[in-house]
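Here is a structure to get to know. Look over the sequence and the fold before reading on.

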Amino acid sequence: RIDTKPKEEYARAIQGFINRYKKGEIPIDKDFGIIVDEAGMVGHENMRDLLRIADETGARLILTGDRRQIQPVAAGNPLVLVSDVLGTQRIDQIRRQKFAWMRENSTKLASGSKEKALEALADYDNRGYFQWFDTEEQLIDKAAADYAETLVEKPNSTFLAMHPKNAMVRRFNELAREHLRKAGVIDPEDAEVKMDCIVRGADAQTMPVGFARGDRIILGETI
């Protein structure tokens, strides 16, 4: 969205975009361009719908992505099929990073070579961009403290903390909320509202979750 600057009502997750088109809420014609970012993560059904929309309306469908990255969660890998049949255009000039050494390392990371990727990571490490911890708990403690501190200092900023394990994500959230409570960003625990939610990584079980004024919430489904 930052690079292409689409209208707010058109910048949507794929399923939401498809649903709105089917309801007649998005007018699409031959002058319309549909840009799909990270198209390598699109499954067969959504790709089929996007191709049908383009065929019905005459709109141009532009798929951007890397077939070597994370595979779709949904069935199929249609970007590979489409690129094999229609061909591709490759963008080799990196524009996102401001510094030459960052652009060089991005090229190494995208090369598919383990040796070059390790060289790039080592360069970032030598420049102080990595922090190392003896235990996972130490990592989560420090990340939660840094997250809360940054949020207090820059309340209007947008940033993201990630971890591959859902259990550690929940632990991070707990610790971050404790720090934010102490700073007065989140209301006290006795002011929480309890709601039954399906929590990510909890085997799709419904459990009570507390929400307080000041919380930042990610919704995993379109509502």
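## Reading the labels

Helices and strands here are DSSP runs: H or I over at least four residues for a helix, E over at least two for a strand, numbered from the N terminus. With that in hand, take helix α1: Gly24 follows it, and this glycine has a positive phi, near 80 degrees. One caution comes early: the model is predicted.

## Overall layout

The chain holds 7 helices and 4 strands. Along the sequence they run in the order α-β-α-β-α-α-α-α-α-β-β. How spread out is the chain? Its radius of gyration is 21 Å, well over the 17 Å from the globule rule for 223 residues, so the chain is more spread out than a compact globule. Along the principal axes, the C-alpha atoms fill a box of roughly 55 × 45 × 35 Å.

What share of the residues is buried? Of the 223 residues, 26% count as such. Contacts also reach along the sequence. Take the contacts between residues at least 6 apart in sequence: 54% of them join residues at least 24 apart.

## Helix α1 and its surroundings

Helix α1 spans residues 14–22. Which of its residues are buried? They are Gly16, Phe17, Ile18, Arg20 and Tyr21. The cover over these buried residues includes strand β1 (33–36) and helix α2 (44–57). Just before the helix sits Ala13, in the segment that precedes α1. Ala13 is exposed, at 54% relative accessible area.

A little further along comes Glu38, in the loop between β1 and α2. Its phi is positive, near 50 degrees, and Glu38 is not a glycine. The relative accessible area of Glu38 is 38%; values from 20% to 50% count as partly exposed, so that is its class.

## Helix pairs

Two packed helices are described by the angle between their axes and the distance between the axes. Three pairs are set out here in that way.

### α1 with α2

The axes of α1 and α2 lie 10 Å apart, at an angle of about 40 degrees. The two helices are therefore oblique to each other. Their crossing is left-handed. On the α1 side, the contact is made by Ile14, Gln15, Phe17, Ile18, Tyr21 and Lys22; on the α2 side, by Asn46, Asp49, Leu50, Ile53, Glu56 and Thr57. By class, this contact has 6 nonpolar, 3 polar and 3 charged residues.

Glu56 of α2 is one of these contact residues. Is Glu56 buried or exposed? Glu56 is exposed, with a relative accessible area of 55%.

### α4 with α5

Helix α4 covers residues 100–109 and helix α5 covers residues 114–126. They pack at about 150 degrees, and their axes are 7 Å apart. Angles over 145 degrees count as roughly antiparallel, so α4 and α5 fall in that class. The crossing of α4 past α5 is left-handed. Trp101, Met102, Asn105, Lys108 and Leu109 of α4 meet Lys116, Ala117, Glu119, Ala120, Leu121, Asp123 and Tyr124 of α5. These contact residues divide into 7 nonpolar, 1 polar and 4 charged.

### α6 with α7

Helix α6 takes in residues 136–153, and helix α7 takes in residues 166–182. Their axes come within 8 Å and cross at roughly 45 degrees. That makes α6 oblique to α7. How does α6 pass α7, in a left-handed or a right-handed crossing? The crossing is right-handed.

From α6, the contact draws on Glu136, Glu137, Ile140, Asp141, Ala143, Ala144, Ala145, Tyr147, Ala148, Leu151 and Val152. From α7, it draws on Met168, Arg171, Phe172, Leu175, Ala176, His179 and Leu180. The class count for this contact is 13 nonpolar, 1 polar and 4 charged.

## Distances across the chain

Two residue pairs give a sense of scale. Glu56 and Glu104 are 48 residues apart in sequence, and their C-alpha atoms are 42 Å apart in space. Ala13 and Lys108 are 95 residues apart in sequence, with 30 Å from C-alpha to C-alpha. Both Ala13 and Lys108 have appeared above: Ala13 lies in the segment before α1, and Lys108 is one of the α4 residues that meet α5.

Terms used
Residues are numbered from 1 along each chain as its sequence is written. This is a predicted model: local features need pLDDT of at least 70, side-chain atom pairs count only at pLDDT 80 or more; totals for chains, interfaces and linings use all residues. Side-chain values use heavy atoms; hydrogens and water are left out. Axes are lines fitted to C-alpha atoms, for helices over the stretch in contact, and angles run from 0 to 180 degrees between N-to-C directions. Angles under 35 degrees count as roughly parallel, over 145 as roughly antiparallel, 65 to 115 as roughly perpendicular and the rest as oblique. A crossing is left-handed if the near helix is turned anticlockwise from the far one by less than a right angle, and right-handed if clockwise. Contact means heavy atoms within 4.5 Å. Ala, Val, Leu, Ile, Met, Phe, Trp, Tyr, Cys and Pro count as nonpolar, Asp, Glu, Lys and Arg as charged, and the others, Gly among them, as polar. The radius of gyration is taken over C-alpha atoms; the globule rule is 2.2 Å times the number of residues to the power 0.38. Buried means under 20% relative accessible area, exposed over 50%, partly exposed in between (1.4 Å probe, protein chains only).
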